[in-house]
Amino acid sequence: MKDLAKLEDEVQNEETFILFLEALAADRLDEEEHEKASPSNPYGRGHNGWEHETIGQYLDASAAWANSSINGLPLMPKEVNPWKRMAQILHAGKIYE
């Protein structure tokens with residue numbers, strides 16, 4: 001598995017965003033396989049840290065985090081590069097409640 005945080009940090013353009021997106025998708029597929037083999041506690045995150053089970057829940061969490069961070073966060077200024085900002089939003093959706 002590729003380190004999503006590292007790949008997110010390396011996003012600078014469309015090409016590196018696509019690499020991040022591919023790794024995020026692979027991470028999700030890996031989690032689904034692990035969950036089939038050995039389900040996690042239904043009240044916690046999955047094997048790879050995914051908080052949400054459905055695409056709808058994931059997209060809702062991504063949008064909620066995007067709205068919460070629209071002006072930046074106390075320890076995280078808003079990213080000005082739109083490719084990296086999108087990677088941050090998608091990555092945050094993985095764990096944001």
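**Exercise 1.** Which backbone nitrogen lies 2.8 Å from a polar atom of the side chain of Asn81?

*Solution.* Before starting, note that this is a predicted model, where local features need pLDDT of at least 70 and side-chain atom pairs count only at pLDDT 80 or more, while totals for chains, interfaces and linings use all residues. Residues are numbered from 1 along each chain as its sequence is written, and side-chain values use heavy atoms, with hydrogens and water left out.

- Step 1: Find Asn81 in the loop between H3 and H4. Helices are DSSP runs of H or I with at least four residues, numbered from the N terminus.
- Step 2: Look for the partner of the Asn81 side chain: the backbone nitrogen is that of Trp83.
- Step 3: Leave out residues up to four places away in sequence, and Asn81 touches Val11 and Gln12. Touching, or contact, means heavy atoms within 4.5 Å.

**Exercise 2.** Decide whether Asn81 and Pro39 are buried or exposed.

*Solution.*

- Step 1: Recall the cut-offs: buried is under 20% relative accessible area, exposed is over 50%, and partly exposed is in between (1.4 Å probe, protein chains only).
- Step 2: Asn81 has 15% relative accessibility, so this residue counts as buried.
- Step 3: Pro39, in the loop between H2 and helix H3 (55–68), has a relative accessible area of 62% and is therefore exposed.

**Exercise 3.** Describe how H2 and H4 pack.

*Solution.*

- Step 1: Take the geometry: the angle is about 10°, and the axes are 9 Å apart. Axes are lines fitted to C-alpha atoms, for helices over the stretch in contact, and angles run from 0 to 180 degrees between N-to-C directions.
- Step 2: That angle makes H2 roughly parallel to H4, a label for angles under 35 degrees.
- Step 3: Locate the contact, which includes Phe17 and Leu24 of H2 as well as Trp83 and Leu90 of H4.

**Exercise 4.** Which elements give two or more residues to the largest nonpolar core?

*Solution.*

- Step 1: A nonpolar core is a set of buried Ala, Val, Leu, Ile, Met, Phe, Trp, Tyr and Cys residues joined through side-chain atoms within 4.5 Å.
- Step 2: The largest one has 11 residues, among them Leu4, Phe17, Trp50 and Leu90.
- Step 3: The elements are helix H1 (4–10), helix H2 (14–37) and helix H4 (82–93), and H2 gives the most, with four residues.
- Step 4: Follow Leu90: leaving aside neighbours within four places in sequence, its contacts include Phe20, Tyr58 and Ser62.

Definitions and conventions. A polar contact is a pair of N or O atoms within 3.5 Å; within protein, one must be able to donate a hydrogen and the other to accept it, and residues adjacent in sequence count only if both atoms are side-chain atoms. Angles under 35 degrees count as roughly parallel, over 145 as roughly antiparallel, 65 to 115 as roughly perpendicular and the rest as oblique.
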